[in-house]
Amino acid sequence: MNSSLIKNRLVLTKEQNPKFNSALFEIWNQLEIPKDSEEAWRKFPIGSVDWNELQFDPKEINSVSSEETTAEQALSEEVIDSIFEAILKYTPKDYFAFLSLVAASKYEVFLLEEGDSDFEFEEEGDKPKHSVRIFYLTKGKTTKTQIQFKNQHGSDNLHLTSALDFYIADDSSYLEILDRESSDPDLYRFRNVCILGRNDSHVKYHYYPMGGFRSKLFLHAHLLGKGAEVTVDGVSALGGRNLKDLDMEMFHHADFTTSKISYKAIVTDKSHHIFTGNLIIPPNLKKVTAHQESFNLSLNKKARAEANPKLEVLAEDVSCTHGATVGDIDEEQYFYLLSRGLTPEESKSLLVTAFYGETIHSIGFSEDIKLSLESEIKEILVGGK
């Protein structure tokens, strides 16, 4: 089998599994660039994207195989086949998700270890980049993993990346993920994230996207096994003309499952943030608990924040709640702080920090990491009016 392992990293290629490869291209050949009229894309100006400027030709996608050599295999062929099966089954039929699968030269599988771990991925230059990564936590293990995606370039040209990332938690495992994106101001980022939680697994996913020009995220969490729990939270901080469109879905497949989405966004200048939360509970499930909430703070009349909760609950033995708020800084609190001697800038900063601070300080990572997140958010919002 064509695979290599470097520090718990296994490299797979689509060509090594002919059945997968055939099914992949069968689906790919039916997909097209999405249109503004499609429900999932109606808020994202996909129809106005100049693909030539992005050096991307939707009609000519090159598929390149990895040249990495074979090394000691860390997973059985049965488990590897199951990974290919999961990718094919749970990757949404989104053009950019399958673009990543087709155009990426390799699929990287990272075997997460007990304890804490850190991963950093850097992308440079203007050429389109496509990646597929699978983070896999085996049965009974507990880990906290920080993953940083950094993108930078030296020109003023718009450019794009597409990425597909899987986080798989096996039976009775505990996986806490801090997912940090740092993008240059000219980047179009199209990303799909899939979370798979098996029996009695517990996944906490913290999402902090910073920078960029325009980005579209689809997050699909599948609670596959009895007793699975998935919690998603995070903070978006937007300035300038940044647009972020987040579409998050919780899909319950089993009894006694629990999910929660709690997401916050702060917008300033002429930025625009869209959050869509989807909850899907099919019939005949029992003892399902699901909560969804979106809080949005606008610091400028020209900035926009939208929250779109959706529920498709077809079972009866469930407990579900949802809520969303979009508003400005509370004037009573603001004037109270002014009355206590704080300057307008200090008062505004304190209220904004209070808005997102609880979310940051609830994550199970070090104080240095939390302070780093706060610093990034403050840097984006400094000067916002």
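Which helix and which strand each supply at least two residues of the lining of the largest pocket? They are helix 3, residues 95-103, and strand 5. This is a predicted model, and its open spaces make a good place to start.

The largest pocket holds about 410 Å³ of space. Its lining counts 20 residues. Nearest the centre lie A103, A104, P128, K129 and H130. Strand 5 gives the most to this lining, with 5 residues. Sorted by class, the lining has 8 nonpolar, 7 charged and 5 polar residues.

Next comes the second largest pocket, with a volume of about 360 Å³. Here 12 residues form the lining. S298, L299, N300, D328 and I329 are the ones nearest its centre. Helix 4 (331-339) and helix 5 each supply at least two lining residues. The classes split into 5 nonpolar, 5 charged and 2 polar residues.

Helix 5 deserves its own look. The helix covers residues 344-361, 18 residues in total. From first C-alpha to last it reaches 25 Å, close to the 26 Å expected at 1.5 Å a residue. Helix 5 also bends, by about 35° at F355. F355 is buried, and so are S347, L351, V352, T353, Y356, G357, T359 and I360 in this helix. In general, an α-helix has 3.6 residues a turn, so residues three or four places apart point the same way.

Now turn to the enclosed spaces. Rolling a probe the size of a water molecule over the atoms shows where empty space is left. Across the whole structure, a search finds 3 cavities of 30 Å³ or more. The largest cavity has a volume of about 80 Å³. Its lining consists of F121, E123, S131, R133, F149, K150, T161, A163, D165, R189 and R191. Strands 4, 5, 6, 7 and 9 are the elements that give two or more residues to it. Strand 7 provides the largest share, 3 residues. By class, the lining of this cavity has 6 charged, 3 nonpolar and 2 polar residues.

How do some of these strands connect? Strand 4 (115-124) pairs with strand 6 in the parallel sense, over 10 bridges. Within that pairing, E120 stands opposite Q148 of strand 6. Strand 6 (142-152) also runs parallel to strand 8, residues 174-183, and 9 bridges join the two. Q148 appears here again, opposite R180 in strand 8. Q148 thus stands opposite E120 and opposite R180.

Notes:
Residues are numbered from 1 along each chain as its sequence is written. This is a predicted model: local features need pLDDT of at least 70, side-chain atom pairs count only at pLDDT 80 or more; totals for chains, interfaces and linings use all residues. Side-chain values use heavy atoms; hydrogens and water are left out. On a 1 Å grid over the protein atoms alone, a cavity is a set of points where a 1.4 Å probe fits but cannot get out, and a pocket is an open set with protein on both sides within 12 Å along at least five of seven lines; lining residues have an atom within 4 Å of a point. Grid points are joined across faces, edges and corners, and a volume is the space filled by probe spheres set on the points. Helices (H or I, at least four residues) and strands (E, at least two) are DSSP runs, numbered from the N terminus. Ala, Val, Leu, Ile, Met, Phe, Trp, Tyr, Cys and Pro count as nonpolar, Asp, Glu, Lys and Arg as charged, and the others, Gly among them, as polar. Two strands pair if DSSP finds at least two bridges between them. The expected span of a helix is 1.5 Å times one less than its number of residues. The bend at a residue is the angle between axes fitted to the seven residues ending there and the seven starting there. Buried means under 20% relative accessible area, exposed over 50%, partly exposed in between (1.4 Å probe, protein chains only).
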